[in-house]
There are 2 protein chains.
Amino acid sequence: MIIDNLFWIVPIASVIALAFAYHFFRQMMREDEGTDLMKKIAQHVRTGAMSYLKQQYKVVFIVFIVLMLLFVYLAFGLGVQNKWTPFAFLTGGFFSGLAGFFGMKTATYASARTANAAKNSLNHGLRVAFRSGAVMGLVVVGLAVLDISLWYLILNYFIDEPDSSHKLIIITTTMLTFGMGASTQALFARVGGGIYTKAADVGADLVGKVEAGIPEDDPRNPATIADNVGDNVGDVAGMGADLYESYAGSILATAALGATAFAATGVDMQYKAILAPMLIASVGIVLSILGIYMVRTKEGATMRDLLRSLGVGVNVSSALIAILTFVILYALGLQNWMGISFSVVTGLLAGIIIGLSTEYFTSHSYKPTRKISESAQTGPATVIISGVGLGMVSTAIPVITIAIAILIAFLSAINFDVKHMLDAQNIQLGLYGIGIAAVGMLSTLGITLATDAYGPIADNAGGNAEMSHLDPEVRKRTDALDALGNTTAATGKGFAIGSAALTALALLASYIEEIKIGLIRIGENVITLANGDTIDTAKATIVDFMNYYQVNLMNPVVLVGVFIGAMMAFLFSGLTMNAVGRAAQKMVEEVRRQFREIKGIMEGEAEPDYARCVAISTRGAQIEMILPSLLAIILPIVTGLVLGVAGVLGLLAGGLAAGFVLAIFMANSGGAWDNAKKYIEEGNFGGKGSNNHKAAIVGDTVGDPFKDTSGPSLNILIKLMSMVSIVMAGLTASFSIL
Amino acid sequence: MIIDNLFWIVPIASVIALAFAYHFFRQMMREDEGTDLMKKIAQHVRTGAMSYLKQQYKVVFIVFIVLMLLFVYLAFGLGVQNKWTPFAFLTGGFFSGLAGFFGMKTATYASARTANAAKNSLNHGLRVAFRSGAVMGLVVVGLAVLDISLWYLILNYFIDEPDSSHKLIIITTTMLTFGMGASTQALFARVGGGIYTKAADVGADLVGKVEAGIPEDDPRNPATIADNVGDNVGDVAGMGADLYESYAGSILATAALGATAFAATGVDMQYKAILAPMLIASVGIVLSILGIYMVRTKEGATMRDLLRSLGVGVNVSSALIAILTFVILYALGLQNWMGISFSVVTGLLAGIIIGLSTEYFTSHSYKPTRKISESAQTGPATVIISGVGLGMVSTAIPVITIAIAILIAFLSAINFDVKHMLDAQNIQLGLYGIGIAAVGMLSTLGITLATDAYGPIADNAGGNAEMSHLDPEVRKRTDALDALGNTTAATGKGFAIGSAALTALALLASYIEEIKIGLIRIGENVITLANGDTIDTAKATIVDFMNYYQVNLMNPVVLVGVFIGAMMAFLFSGLTMNAVGRAAQKMVEEVRRQFREIKGIMEGEAEPDYARCVAISTRGAQIEMILPSLLAIILPIVTGLVLGVAGVLGLLAGGLAAGFVLAIFMANSGGAWDNAKKYIEEGNFGGKGSNNHKAAIVGDTVGDPFKDTSGPSLNILIKLMSMVSIVMAGLTASFSIL
């Protein structure tokens, strides 16, 4: 069969991605790392980052072992789960961790090399930093697609189920388990890394910049190495794990939906529907590599040229994938290929609009952020008030965009059959459309992540340049690269949060599918609807299940679930905020102690104890990440056991909506505060060192945990809660109280 | 019929409430207003407050006229609405405004008198302030019950419907329209008043305390009169309109639910179910008066005695209403009177638990708030981070409490028939249980509002004492009263937000009822369910409608609604935050201008231009309140027209959940910042004037709009969106696109 051969495109694309990643890595490694001092500082950061990652993986390993034992018990002891669950869970976590590891390894090798290249020219600096970012982007997409193809082949070979349509459903839903593994790993990476980086950053700023009045990244500041390590463990390793999970999650969710939605159309079409998201992702990988090669500028390029150059790479990839999607789905012969292609494009467009909105609200080229700078004239309180106001107002465009995208992706996948849009079959197809919109949104992740990940590399290069006393011109160049990164990162964030919402929505349907499988497994072969009709569980549609469990908004259990879900988003953010506060406090005390006790530190005669600060951040992050992360795993399980299916769906919907809005609010407030400060530093409203600048720094410091700890962790929380619910559906189907 | 006579208890209770309110008002007016200077300052504040209220009512009047014309067109032109709608809407707004007016009138007369009484003793001061607060409490409950009984009598007389069961349904659902009037008025009062008071407060603090270094309420500060006016228009008039709406809303929602839930049991039981919430409220009024008389302390009482004395009043009223509820419902002969009484008690208990949780998180007697004070040592940024963290974490207990209360109130009302809890009839009864739990929670509003409203009076008395150069001992006493008020206000806030959630939940059922009436009105007499069955619209149950419109969580329209609802809560808060920021900015500029241009102002030789500041706050509030308030009215209408019934219910559920959690977060963060500052002022962590104190002031200033503008407005937003949807249901039923 031709489509059997089409599948092999997927692993091939993964090998291509990894090969190019290796190629770019070698290229970067061939660059000169600079002076001995530069090498030494880079080595410090590398050691700190690796020691953190080791510690982090140790803790996460224990969590994984405990959860795996639980899965083993549920699967082999109680018999309420699929037996592949424990292993799939483990590999998801492993690969996600690996993506973070490779990304960080690359970043820590690249920073000194970028600084050294920036000695030559802005352009050379960009090339080194961007190629290193590309390693990260390609490793993430390559590993994700590799993991997916491996599991697909393994399960296809081992699962013994004569009905091939049913077999495909079992394969795809089992694969969701490795999505849960990836989400769990990602949450720990984001929360732990986020706490680490912000504790170090806030600590370094509060004592260094505010109290001692020394510049950022000054080598006299004991927390400065920890701060640079933080950029790597939070912004690189954390983001890598996060986007690995988003990318794999969207493909897996869509494949699982495809298997059920097209079950009625025959096994052939089912197979095509599963293949579709994988093929779009695979072609996206190739286009991303093409795009990466298009990012090249002439010597002596201006900032504007650089930005345009990055934009060309991303835009060409996006435009090509939009066009090629039609070709792929047509060639595949997928039913309603045209409509589903439009769903993909809808997702892509929605991501771009959300990115533009993020840019508008957080870039100091526009009015909203400048208003915050202006409000600094009346002190830090008004900076905070206006930043919170801006962040809250900025949620409107992304939410309305995603709302419209949901409706269009849904309707497009069912050929705009509005009259029958809520028929069981159409709901499945429509949700498939929503899932594949998320795949479309992330299809060019290889390059968008490259433009995103090179930011922290440039940031670190700046730190290295500062600490190695390079010509101030070099720092200016790395700052320019960093600022450029901030702008492109805005788009990246739009894609991350938008795809999280779409994927989580699509996962709701997979949850019902797993509940159905769970019911059959425990022998509940017949369900009774509200009007008394009975129906075969195996034949019950998604609408029948809504009726059976009365998952409607008059059911108080659903409403209670929605309340708890909304609360969870806030509780989780509050816990991570507090964690940063506490960890930063410890850092502040340590830096103050060193300033006080180490003689000659301020004169640059004695070296501060960098390692101690690294150790404090590491320990703080490890202790603090446990509670919020475990809560995210435990709450859906407890909700399932107490409130049942209706409660869980309420929880997921409430958590999804509130979490999405809260995440945008926090990310945008934080981003705007950061840039409002930069705007003042550029000489507006009094410039650096003025009272207005001090007021703006307060906003920036508050914004740090907003945008780099709590905000991005919410993306993962939303999906992890869905994944946990899906994986634990067997338990809910068997034992819930209500 | 004996129960026909029972009804008369309701208007009689209202007359009693108003009579006692008048009595307490006269008592207060007989007190001496103090020196000429005191009188003059009080007169300033009175004039400012009244001129604000006049301006406010002018704007609101225009809005009401426009909305009324719309209703007239919908009812008489298009024929999609009940013809009583326009008039009921108008009176709801009128009475809500009246409650605010009387409360404010009393408060502005009471402040100087309280200051003067505090010259004698703490105890005398408490008596005057508390009795004045009692005027407010009794006016609110008295007017609400009066309005309800009047409309009940009018509609009963005029509505011409032979089927008396159906007639009761029409009467009660029509009465919800005046709930919408009250909500609209309340929203404007809260938003406008909230912006006014915080613009003045923030403006006065920023320039006065922070820049010029003069104490709070210093007569040299041009914004000080505006600040005191603000307490009256925001905390008194705004709160009065708000709680009028909560109180009336909970009774009306429950009555409407009662009419439909008991329709199957016969008109007699229906009538009893309508009467039940009114009777509980009426008896609660009498018990509140009893409780008010129990608040009396011996001369020379300590702070602790005073607190205990207030507590005794509230607790005795609460305990008695809990017991008497069983008696009332038993005497009424309401079906399952025992279970429904337990629902009432559940509500009462939930309110108390939420209040205690609020107190724990916002009082500086406990660890959380003290941690914020401690974090002031590392500057304003960590104050903000820890306050935001605290507020977010503090949402957990209230949400879990309300979740449990919802389930218990629901199950209790259906005799814990868990197996059949989702039968159509039981859902109606259960939602009635949730509604009456809200009534129970607010049953002792007469006294809880008194303990709440006397706080701003004491606050103003302090302002008056400061400006009239009274003995610092007097200011100390009024500060003690104010602090006492903060503690009791915490409980009051718990009741307000908790009842909002329960009422809004109960209103969901009324929405479906109105949709049903709307469908019948336009001749859609048959509906077709998902499985193809057709059913008489008139006989369709609430579950049938869920099925017909597929209001389940797999319907993308519902999910889109939930997203938009959650976004609305944030957008609304963001707009009000920005409004405060802008209005405060203008105030800051004006105060700076006066300091600069009026010679001798700082030496106390020239009088500042108070009136100009009052005018700026007034104008700012009027302009800024329009957009967020109109949005709250328009969004549900547009959602109904575009997304239909399923979208509206999603919107309401999402707005309710996210709004509830966001409101608690903002209120608690704000309260904790305020008290963290007070804790430092009491001499901890460096005390007044220290750097830590300055950092804490930043938190307090940020907290002002959190706790007094955006937070409390969300309570009303939640219900207003429900009310608008209900009132506009006819439009949605006729014209929606999806």
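**Aromatic pairs.** I started with the rings of this predicted model. Counting over all chains, I arrived at 57 aromatic pairs. I picked one to look at by eye: Phe25(B) with Tyr109(B), an edge-to-face pair. Their ring centres sit 6.4 Å apart, and the planes make an angle of 75°. With a cut-off of over 60 degrees for edge-to-face, I was happy with that label.

Next I asked myself which helices these two rings come from. Phe25(B) belongs to helix H2 (residues 9-29) of chain B, and Tyr109(B) to helix H4 (residues 85-120) of chain B, so the pair ties together parts that are 84 residues apart in sequence.

**Chain A against chain B.** I then turned to the contact between the chains. Chain A brings 88 residues to the contact, and chain B brings 88 residues too. I noted a buried area of about 7,000 Å² between them, with carbon and sulfur atoms giving 84% of that area. On the chain A side, the residues that lose the most area to chain B are Met554(A), Phe563(A) and Phe570(A), which together make up 13% of what that side buries.

What gives the most to the side of chain A that touches chain B? My lookup pointed to helix H18 (residues 556-597) of chain A, with 21 residues. Sorting the residues of that side by type, I got 66 nonpolar, 19 polar and three charged.

I also looked for salt bridges between chain A and chain B, and the count is zero. For polar contacts between the two chains I found six residue pairs, both residues at pLDDT 80 or more.

**Symmetry.** Last, I checked how the two chains are related. Chain A superposes on chain B by a rotation of 180° with 0.0 Å of shift along the axis, at an RMSD of 0.0 Å. That is the relation of a two-fold axis. In chain A, I found the C-alpha of Asn552(A) nearest the axis, 2.1 Å from it. The same surface serves both copies, as 100% of the contact residues of chain A recur in chain B.

Note on methods
Residues are numbered from 1 along each chain as its sequence is written. Chains are lettered from A and ligands numbered from 1 in the order in which they are written. This is a predicted model: local features need pLDDT of at least 70, side-chain atom pairs count only at pLDDT 80 or more; totals for chains, interfaces and linings use all residues. Side-chain values use heavy atoms; hydrogens and water are left out. Contact means heavy atoms within 4.5 Å. Buried area is the accessible area (1.4 Å probe) that two parts lose on being put together, summed over both. A salt bridge is a side-chain nitrogen of Lys or Arg within 4 Å of a carboxyl oxygen of Asp or Glu. A polar contact is a pair of N or O atoms within 3.5 Å; within protein, one must be able to donate a hydrogen and the other to accept it, and residues adjacent in sequence count only if both atoms are side-chain atoms. Helices (H or I, at least four residues) and strands (E, at least two) are DSSP runs, numbered from the N terminus. Ala, Val, Leu, Ile, Met, Phe, Trp, Tyr, Cys and Pro count as nonpolar, Asp, Glu, Lys and Arg as charged, and the others, Gly among them, as polar. Copies are superposed by least squares on the C-alpha atoms of residues with pLDDT of at least 70 in both. Rings of Phe, Tyr and Trp (its six-membered ring) pair if their centres lie within 6.5 Å; planes under 30 degrees apart count as stacked, over 60 as edge-to-face and the rest as tilted.
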